[in-house]
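Work through the exercises below with the model open beside you. Each task is followed by its solution in steps.

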Number of protein chains: 2
Amino acid sequence: MTDAAPRRGRGRPTRTQTEAGPATRDRILEAAREEFSERGYEKTSVRGIAKSAGVDSALVHHYFGTKEQVFEAAVEGAMAPAIGAPDTIDTIVEGPLGGVGERLTRFFLGVWENPTSRTPLLAIVRSAVNNDTAAAVFRRLVAAQLLRRIAARLDAPDAELRAELAAAQLVGVAMLRYVIKVEPLASVDLERVVAGVAPVVQGHLTNP
Amino acid sequence: MTDAAPRRGRGRPTRTQTEAGPATRDRILEAAREEFSERGYEKTSVRGIAKSAGVDSALVHHYFGTKEQVFEAAVEGAMAPAIGAPDTIDTIVEGPLGGVGERLTRFFLGVWENPTSRTPLLAIVRSAVNNDTAAAVFRRLVAAQLLRRIAARLDAPDAELRAELAAAQLVGVAMLRYVIKVEPLASVDLERVVAGVAPVVQGHLTNP
């Protein structure tokens with residue numbers, strides 16, 4: 001949210017509010033992330049997002065298209081700080097293959113350990129578990145941005161399945177440690193988790 | 001639902017409907033499972049369950065207590081057919097330790113492969129991901145019924161953590177194969193998944 005454009009609850013948008021520009025686009029995206037986080041995919045509407053951003057619904061459609069496309073843009077935006085610098089995934093994927101399991105494990109758990117990146121991730125996971133359209137968006141982004149790139153590095157006929165079984169170990173740890181909070185896993189030191197999980201991730205990816 | 005007790009949408013329950021007995025208890029539980037499955041934990045109310053079962057809310061409280069306790073009974077009921085015969089868990093846990101990874105993997109994936117047991121499981125997972133109270137119930141039941149029994153068999157100081165990391169591999173496969181449906185994992189032959197996952201589960205449990 002920019003200070004220059006306070007939210008308006010009701011009424012016709014003013015000229016300033018409907019004016020196109022990068023700041024308006026960012027404001028809509030921020031409102032979308034908040035709406036999807038708070039209400040989940042199904043209960044969020046383009047109209048609600050527009051209202052929260054203080055713009056006309058037509059402008060949301062103009063920038064992003066359908067609700068599914070707004071969600072996709074919001075998920076990508078939420079994943080960006082988690083993914084970090086543009087070359088973070090490059091570093092994981094393109095470093096020495098013998099350490100890819102540990103790099104991937106530390107990256108993934110690091111994102112979940114940090115409350116700032118955990119909150120939007122949790123919202124995305126909730127939406128994906130509850131709604132098939134949201135699941136499809138999640139699938140597309142995660143598959144394209146991470147799994148396919150790791151698989152491409154492996155040069156094995158079953159590389160994609162290997163990457164997914166490795167991802168499954170990490171996703172399951174996130175579910176039990178951060179979402180369901182099963183003890184002792186939820187409270188044990190992160191290094192203990194890395195020690196238990198990184199060799200498994202490595203094994204899925206590179207074992208003969 | 002029994003044929004003798006059709007649902008009633010409105011009005012005061014008749015004498016027959018408030019009459020206590022095992023059939024009434026089962027009818028309430030069946031209605032609870034349906035309500036929790038369709039609406040999720042948060043939007044389900046004891047009043048709604050009572051209405052769907054054609055009984056008074058007081059009778060639901062009489063049999064089960066609070067909404068959380070009704071949910072716990074419903075989850076236990078939903079898990080019972082999945083778990084199968086009373087000695088299913090015994091067979092997994094008490095067979096030769098060298099094959100526990102494969103037995104556990106086949107049992108867990110078998111439950112998810114079967115649409116009849118998958119539907120209530122999915123409802124439970126959705127509730128647990130969306131609501132902390134539902135997560136606590138899930139945690140309590142899964143920990144007590146399965147993880148702690150496996151850990152007890154291992155006789156290692158970090159046995160509970162080992163059981164949870166093994167469970168994490170299985171939970172992650174369920175999420176990606178049956179909930180998010182990432183390809184190729186979602187469509188690949190079950191035996192291929194067992195071959196990839198059972199050694200990991202075994203390793204978590206018994207590797208030195």
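The exercises go from the fold of one chain to its domains and then to the contact between chains, in a predicted model.

**Exercise 1.** Describe the secondary structure and packing of chain A.

Solution. Start by counting elements: chain A has eleven helices and zero strands. Reading from the N terminus, the order is therefore α-α-α-α-α-α-α-α-α-α-α. Next, consider burial: 39% of the 208 residues in chain A are buried. Finally, take the contacts in chain A between residues at least 6 apart in sequence; 66% of these join residues at least 24 apart.

**Exercise 2.** Find the domains of chain A and work out how many residues each gives to the contact between them.

Solution. The domain assignment splits chain A into domain 1 (1-65) and domain 2 (74-206). Domain 1 of chain A gives eight residues to the contact, and domain 2 of chain A gives eleven. On the side of domain 1 that touches domain 2, four residues are nonpolar, two are polar and two are charged.

**Exercise 3.** Determine which elements of chain A touch chain B, and the classes of the residues on that side.

Solution. Begin with the totals: 32 residues of chain A and 32 residues of chain B take part in the contact. On the chain A side, the elements giving two or more residues are α8 (115-130), α9 (132-154), α10 (159-179) and α11 (190-206). The largest share, 14 residues, belongs to α10(A). Sorted by class, the side of chain A that touches chain B has 23 nonpolar, four polar and five charged residues.

Methods. Residues are numbered from 1 along each chain as its sequence is written. Chains are lettered from A and ligands numbered from 1 in the order in which they are written. This is a predicted model: local features need pLDDT of at least 70, side-chain atom pairs count only at pLDDT 80 or more; totals for chains, interfaces and linings use all residues. Two residues are in contact if their C-beta atoms, placed from the backbone, lie within 7 Å. Helices (H or I, at least four residues) and strands (E, at least two) are DSSP runs, numbered from the N terminus. Ala, Val, Leu, Ile, Met, Phe, Trp, Tyr, Cys and Pro count as nonpolar, Asp, Glu, Lys and Arg as charged, and the others, Gly among them, as polar. Domain bounds come from an automatic or database domain assignment. A residue is buried if 20 or more other C-beta atoms lie within 10 Å of its own, exposed if 12 or fewer, and partly exposed in between; C-beta atoms are placed from the backbone.
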